[in-house]
Amino acid sequence: MSHATLRALAAPTVPAPAPSHHHRPHLYSSPVRMSDLDPMNHVNNVRLLEMIQDAHVDLFYLQCGHAGQPGQAVRVRVIYARHELDYTEALDLRPEPAVISTTVSSVRRLSFELTSRITRGDQVFCTCVSTCVAYDPAARRTRRLEDDELAVLARHAVCDCRPSA
C-alpha cells in the first residue's frame with residue numbers, strides 16, 4: 001500500500017464540508033500610513049503583523065454570507081497560538097495599498113494554519129504562518145472546530161479541510 005493510502009485509512013472519519021468552487025485566497029487591501037513608518041521610513045514590523053491580523057478579522061468577522069443567508073456571518077472563535085513571520089523586503093510609503101492574501105494551509109480537529117502574504121504587485125514583503133486554535137471562552141478551553149467553521153475555512157483552503165488528527 002502507498003503512504004497516501006495508509007494515511008487515508010488511519011485518518012479519523014469526519015464529515016467533509018460540502019464541496020465549494022470558491023477555493024481562493026482572501027484578499028484584504030491596507031493603506032500604508034505615515035504613522036506606520038519607523039525612523040528608516042519602512043513599515044514597522046509590529047504594524048506588519050497588525051495588518052495581517054486586520055486581514056484575519058476581515059476574513060472571519062466582517063465578511064458576510066459565509067453560511068446560510070447573505071449577512072449571516074459565521075463567527076469563527078479562535079485564539080492565536082503562534083505567528084511565524086519571514087520578512088523579505090521593506091515595505092515603504094506609496095500611494096497604492098498593500099494587499100494581504102490569506103489562505104488556509106492546514107486544518108486539524110482543534111486548530112488550523114493560515115498563510116498570509118503582504119504584497120504590492122509581484123513584490124512580497126512579508127509571509128506569516130499563523131496557528132489558530134478553536135477556543136471556548138465560557139469553558140476557558142480548546143474545542144473542536146464546528147462544521148460551519150470548517151465550511152468558512154474551506155472557501156480559502158489550499159488543503160483538504162477535513163481535519164487531520
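**Entry 1: cysteines**

I looked up Cys132 in this predicted model. Its sulfur lies 9.1 Å from the closest cysteine sulfur, which belongs to Cys128. I take that as too far for a bond, because a disulfide requires two cysteine sulfur atoms within 2.5 Å. I then checked whether Cys132 is buried or exposed. At 1% relative accessibility, I recorded Cys132 as buried.

I next counted the disulfides by this rule and obtained 0. Cys128 is in no disulfide either, and I noted that its nearest cysteine sulfur, that of Cys126, is 6.2 Å away. I entered Cys128 as buried, because its relative accessibility is 0%.

For reference, I noted that a disulfide is a covalent bond between the sulfur atoms of two cysteines.

**Entry 2: aromatic rings**

How many aromatic pairs does the structure hold? I found 1 aromatic pair. Its members are Phe60 and Phe112, and I recorded the arrangement as edge-to-face, with 5.8 Å centre to centre and 70° between the planes.

I then asked which elements carry Phe60 and Phe112. I located Phe60 in helix H2, which covers residues 45-62, and Phe112 in strand E4, which covers residues 111-120. The pair therefore ties together parts that are 52 residues apart in sequence.

Finally, I looked up the accessibility of both rings' residues. Phe60 has 3% relative accessibility, so I entered Phe60 as buried. Phe112 has 1% relative accessibility, so I entered Phe112 as buried too.

How values were computed
Residues are numbered from 1 along each chain as its sequence is written. This is a predicted model: local features need pLDDT of at least 70, side-chain atom pairs count only at pLDDT 80 or more; totals for chains, interfaces and linings use all residues. Side-chain values use heavy atoms; hydrogens and water are left out. Buried means under 20% relative accessible area, exposed over 50%, partly exposed in between (1.4 Å probe, protein chains only). Rings of Phe, Tyr and Trp (its six-membered ring) pair if their centres lie within 6.5 Å; planes under 30 degrees apart count as stacked, over 60 as edge-to-face and the rest as tilted. Helices (H or I, at least four residues) and strands (E, at least two) are DSSP runs, numbered from the N terminus.
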